[in-house]
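Here's a quick tour of a structure for the bench. Have a look at the chains first, then we'll go through some spots worth finding on screen.

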Amino acid sequence: MSSLSPGYNNIEEIVEKHSDMLLRVAFTYMKNISDAEDIVQEVFLRLVREYPSFENDEHEKAWLIRVAVNLSKNRLKTAWFRKTEPIYDLAVNFTDEEKFVMDAVMELPSKYRTVILLYYHEGYSIKEIAKILAKKESTISSRLQRARARLKTKLKEDFDYEG
Amino acid sequence: MKVSYYNRAMDKIKASDELKEKIISSVKSGAKRKTAFDIYKIAAVAAMFILVIASVYFSGILDKSARNNSAGHSGEFKIIGHSGPNVDACYMSVLYLDGYRYEAESWFSYSINEYLKMGDELKGEKIGEVTLDLKGLIYEGTPPDFSSTYDAGTQIYEVKGLKREYAVLLETGDSNLILYRSRKAVASEDEPIGLTVKEVINMISDSKVLESVELRSEEDGSWMRTSYDNRLLELLKAEIMDKELLNSNEIKQREESLRVPVNLIFKDGVMLHMQVYPEDKYVHVFGGYINISEELSKRFKELYSLGNEFPRITDIIDYNTGDIGYFKFTNHVTGDEIVSPEPQWAWEVLYGMLKFYSLDRSSSDVQGNLVFTVALGKSEENSSEIKIYEGTDKNLVFRINGETYRIVKGSLLYSDFMMYQKDYISY
């Protein structure tokens with residue numbers, strides 16, 4: 001069992017370690033920083049309230065991602081949220097190239113965006129993503145394949161595609 | 001995609017010190033700060049409360065029977081907007097018919113591409129066609145009959161040999177898709193379901209006789225083993241059949257509790273999918289919940305701990321993607337020879353596909369034609385081969401490390417591998 005059961009003493013350590021990653025996960029759903037921040041805050045509150053015991057650090061990280069994804073989905077399904085258009089209010093300076101690719105990824109349906117983020121950026125394998133998102137490996141494989149195909153079509157006219 | 005640009009962009013999305021401080025402070029105080037979203041929610045709830053009070057005040061005492069009726073009926077259906085590309089539900093295969101929701105049920109499948117193989121042989125009498133396409137719509141209440149996430153005009157048929165109350169067939173263009181009745185169409189999760197499990201079984205099965213329980217893999221939904229344990233069947237009959245399905249608010253749930261997916265199999269072959277949470281002692285079935293006893297929970301835990309009845313490819317080939325530096329796919333029928341530029345990716349996908357199946361080791365020689373060879377390893381020199389044959393029943397048979405392996409349940413055909421070749425390794 002992990003020593004990271006979230007008492008107040010080590011919560012700062014967990015926040016420091018995972019908040020960037022969780023913000024990126026939530027951002028792929030919410031498409032704006034302020035909503036993503038709300039999600040991240042809620043994830044940590046859940047962590048403290050539910051006090052789950054983790055087998056290891058990877059289990060802990062996977063749990064946090066799973067909760068972030070679920071909370072983001074719940075938020076998007078809420079009528080209050082769905083009535084409003086997501087705001088692309090990034091307080092981040094992207095280069096033109098970064099923004100171009102980022103925009104292309106953000107235009108994908110959320111189920112593709114998350115898989116792209118977890119596979120390419122967070123470095124999870126298909127097997128691990130399947131476990132985190134509670135989907136079949138074959139589903140994740142085909143989502144990744146379709147996401148790549150869509151990006152390829154979108155980017156190839158203007159950009160060098162490197163799968 | 002220039003992955004490096006994407007990664008650099010994502011690296012710039014960082015939690016500010018201010019956010020981290022807010023998290024720590026909210027965690028310590030146990031309260032989340034109020035966001036604009038919460039404030040809207042509170043305002044909306046307050047407004048609703050005022051409206052309710054006003055309506056009671058102006059209309060006098062509510063008629064009790066009217067209240068009872070409204071509790072049993074779904075809310076009025078109303079489209080309130082368009083969701084855009086964000087909502088996962090847009091992609092769910094859902095049909096509303098006869099006051100029930102039908103869904104594509106992957107838990108019932110024994111083959112990884114089953115839905116792609118379905119021809120017209122199962123198509124029965126025509127029921128109607130989709131009249132309202134729900135894709136991308138935001139709505140309240142229960143959608144009317146013939147609403148679906150498929151295009152308007154999609155034809156709906158009965159499935160030969162199955163009750164319409166169990167399953168219907170959609171002619172989707174690429175292939176036919178079977179959707180199973182999965183829950184009553186209720187407007188919200190709080191609305192009482194008003195059904196017992198027995199009523200559900202009476203609805204979907206002619207025989208109504210429970211014969212076995214099938215354990216499914218939580219990871220990929222595949223078949224793991226079938227139990228005929230009499231005590232398990234007795235307990236199921238005694239504990240769940242006459243119970244009313246509860247809604248989610250009436251049951252204690254935890255997000256990370258152990259989940260055991262099973263199918264109840266009836267004498268006529270009809271299946272009812274159930275998710276068992278043995279640690280929390282309840283089951284989730286047909287959109288509702290039922291509490292179960294310690295003994296039944298224990299039986300399910302035992303079934304879960306037995307795991308696979310037959311080996312999987314995981315038990316036969318060591319799986320370590322990081323070690324794969326070479327992947328060659330040979331199709332002996334077409335003569336294609338492909339050395340994948342992305343060997344790890346090619347193997348992960350193939351592995352995921354093969355892992356779905358339980359394999360029975362056989363000492364007999366393969367009767368059939370060699371159709372594919374997959375060579376994989378750290379390098380061309382340091383690689384091993386999987387020989388794949390098309391058996392006399394058309395199902396593929398594998399030769400790995402000098403042993404023959406046959407698929408126990410379901411089918412994997414030459415066409416499945418052709419699809420894999422086309423989609424994943426042909427560039």
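How do α6(A) and α1(B) lie with respect to each other: roughly parallel or roughly perpendicular? They are roughly perpendicular, going by an angle of about 95° between helix α6 of chain A and helix α1 of chain B. Keep in mind that this is a predicted model. The points below start with that helix pair, then go on to the nonpolar cores and a few single residues.

**Where α1 of chain B meets chain A**

- Look for α6(A) at residues 110–121 and α1(B) at residues 3–11; their axes are 11 Å apart.
- On the α6(A) side, the contact uses R113(A), I116(A), L117(A), Y120(A) and H121(A), while α1(B) brings V3(B), Y6(B), N7(B), M10(B) and D11(B).
- Sorted by type, the residues of this contact come out as 6 nonpolar, 2 polar and 2 charged.
- Helix α5 of chain A, residues 96–106, also packs on α1(B): the two axes come within 8 Å and cross at roughly 90°.
- That crossing makes α5(A) and α1(B) roughly perpendicular to each other as well.
- Here E97(A), E98(A), V101(A), M102(A) and V105(A) touch Y5(B), Y6(B), R8(B), A9(B) and M10(B).
- This second contact holds 7 nonpolar and 3 charged residues, with no polar ones.
- Y6(B) and M10(B) turn up in the contact with α6(A) and again in the one with α5(A).

**Nonpolar cores**

- In soluble globular proteins, nonpolar side chains tend to end up buried together.
- The largest nonpolar core here counts 99 residues, and the ones with the most contacts inside it are F44(A), F327(B), F398(B), L412(B) and F417(B).
- Helix α1 of chain A, residues 8–30, gives this core its largest share, 11 residues.
- Zoom in on F417(B): leaving out residues up to four places away in sequence, it touches F329(B), L350(B), M353(B), L354(B), F372(B), I388(B), L396(B), F398(B) and L412(B).
- Another core, of 59 residues, lies apart from the largest one and includes L95(B), F108(B), Y150(B) and L236(B).

**A buried glutamine**

- Q421(B) sits in helix α11 of chain B, residues 414–425.
- Is Q421(B) buried or exposed? Its relative accessible area is 5%, and because the cut-off for buried is under 20%, Q421(B) counts as buried.
- The side chain of Q421(B) makes a polar contact of 2.8 Å with the side chain of D336(B).

**Loop residues of chain B to check**

- D98(B) isn't a glycine, yet its phi is positive, near 55°.
- You'll find D98(B) in the loop between β2 (94–97) and β3 (100–103), partly exposed at 30% relative accessibility.
- K281(B) is another non-glycine with a positive phi, about 60°.
- The loop that holds K281(B) runs between β14 (271–277) and β15 (282–285), and K281(B) is partly exposed at 29%.
- S293(B) belongs to the loop between β16 (288–291) and α8 (294–306), and with a relative accessible area of 25% it is partly exposed too.
- Setting aside neighbours within four places in sequence, S293(B) is in contact with E239(B) and K281(B).
- A polar atom of the S293(B) side chain lies 3.1 Å from the backbone nitrogen of L296(B).
- S293(B) and Y282(B) are 11 residues apart along the chain, with 8.2 Å between their C-alpha atoms.

Technical notes
Residues numbered from 1 in each chain as written. Chains lettered and ligands numbered in written order. Predicted model: local features only at pLDDT ≥ 70, side-chain atom pairs only at ≥ 80, totals over all residues. Heavy atoms only, no water. Helix = DSSP H or I, 4+ residues; strand = E, 2+ residues; numbered from the N terminus. Buried < 20%, exposed > 50% of the residue type's maximum accessible area, 1.4 Å probe, protein only. Polar contact = N/O pair within 3.5 Å; in protein donor to acceptor, adjacent residues only side chain to side chain. Axes fitted to C-alpha atoms, helices over the stretch in contact; angles between N-to-C directions. Parallel < 35°, antiparallel > 145°, perpendicular 65-115°, else oblique. Contact = heavy atoms within 4.5 Å. Nonpolar A, V, L, I, M, F, W, Y, C, P; charged D, E, K, R; others polar. Core = buried A, V, L, I, M, F, W, Y, C linked by side-chain atoms within 4.5 Å.
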